[in-house]
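Subject: Structure for you to look at

Hello,

Here is the structure I promised to pass on. Please open it alongside this email; my notes follow.

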Amino acid sequence: MKRSIQKGFTLIELMIVVAIIGILAAIAIPQYQTYIAKSQASRAMGEAGAIKTAVELCVTDGKTVVGVGAGQCDPQATGSNILTGATQGAAIPAGTGVPQVAALNTLTPTITATFGNNAAATLKAGPSTVTWTRSAAGSWSCASTVAANYKPAGC
């Protein structure tokens, strides 16, 4: 009796495996891009929120001009590769941006993070922003122009 031993996969088996991998990739890639955009939106909210303390201190000290000179407010923002915005304090690396502090001469300053540089294309398209606004009473609130499906929690 002659027995045949199979030594590999048939062409149809290989084509089925390639088709399954293609289907999985077609589902996974858009989901991954959504995940990246959501995480970058949350990151920008955190980076802008991190300088609230410095801005609050400037408001209570009566510093009304953003900068690094004597009597000026240095928001102490570090450069981020997903934001645009020129430095308002210490120098930052090339290809990065920082959240922008505005209306410091009022009791309701704002901190605005604008997406750019290496941010996800869906966030740069707007351009989208995350903005922290201080009320006259001293509480901070977050607002965003990011699309609803990428909007960070708490903003």
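Leu11 is exposed, because its relative accessibility is 62% and the cut-off for exposed is over 50%. Keep in mind that this is a predicted model. Leu11 sits in helix H1, which covers residues 11-49. Leu11 also belongs to a nonpolar surface patch. The other members are Ile12, Met15, Ile16, Ile20 and Leu24. Together they make a patch of about 630 Å².

Now the overall build. The chain has three helices and five strands. In sequence order they run α-α-β-β-β-α-β-β. For 155 residues, a compact globule would have a radius of gyration near 15 Å. This chain comes out at 24 Å. Along the principal axes, the C-alpha atoms fill a box of roughly 100 × 30 × 25 Å.

Some totals for the chain. Buried residues account for 33% of the 155. The exposed area is about 9,300 Å², and 63% of that area comes from carbon and sulfur atoms. Take the contacts in the chain with a separation of 6 or more: 46% of them are between residues 24 or more positions apart.

Next, the cysteines. How many disulfides does a search of the whole structure find? It finds two.

One disulfide is formed by Cys58 and Cys73, with the sulfur atoms 1.9 Å apart. The torsion about this S-S bond is about 85 degrees, so the disulfide is right-handed. The pair ties together distant parts of the chain, 15 residues apart. Cys58 lies in helix H2 (residues 52-61). Cys73 lies in the loop between H2 and strand S1 (83-84). Are these two cysteines buried or exposed? Both Cys58 and Cys73 are buried.

The other disulfide joins Cys142 to Cys155, with an S to S distance of 1.9 Å. This link is left-handed, with -70 degrees about the S-S bond. It too connects distant parts of the chain, here 13 residues apart. Cys142 is in strand S5 (residues 140-144), and Cys155 is in the segment after S5. Cys142 and Cys155 are buried.

Which pairing results when the bonded cysteines are numbered in sequence order? The pairing is 1-2, 3-4.

Last, two backbone points to check on your screen. Gln76 has a positive phi, near 60 degrees, and is not a glycine. Gln76 is in the loop between H2 and S1, and Cys73 is placed in that loop as well. Gln76 counts as exposed because its relative accessible area is 59%, and exposed means over 50%.

Ala103 also has a positive phi without being a glycine, at about 55 degrees. Ala103 lies in the loop between strand S2 (100-102) and strand S3 (110-115). Why does Ala103 count as partly exposed? Its relative accessibility is 35%, and partly exposed covers the range between under 20% and over 50%.

If you have time for only a few views, try these. Start with the patch on Leu11, Ile12, Met15, Ile16, Ile20 and Leu24. Then go to the right-handed disulfide of Cys58 and Cys73. Follow with the left-handed link of Cys142 and Cys155. Finish with the positive phi values of Gln76 and Ala103.

Best wishes

Key. Residues are numbered from 1 along each chain as its sequence is written. This is a predicted model: local features need pLDDT of at least 70, side-chain atom pairs count only at pLDDT 80 or more; totals for chains, interfaces and linings use all residues. Side-chain values use heavy atoms; hydrogens and water are left out. A disulfide is a pair of cysteine sulfur atoms within 2.5 Å. Helices (H or I, at least four residues) and strands (E, at least two) are DSSP runs, numbered from the N terminus. Buried means under 20% relative accessible area, exposed over 50%, partly exposed in between (1.4 Å probe, protein chains only). Patches are made of residues with over 30% relative accessible area and no salt bridge: like charges are joined within 9 Å, nonpolar side chains (Val, Leu, Ile, Met, Phe, Trp, Tyr) within 5 Å. Accessible areas come from the Shrake-Rupley method with a 1.4 Å probe; for residues, only the protein chains shown count as cover. A salt bridge is a side-chain nitrogen of Lys or Arg within 4 Å of a carboxyl oxygen of Asp or Glu. The radius of gyration is taken over C-alpha atoms; the globule rule is 2.2 Å times the number of residues to the power 0.38. Contact means heavy atoms within 4.5 Å.
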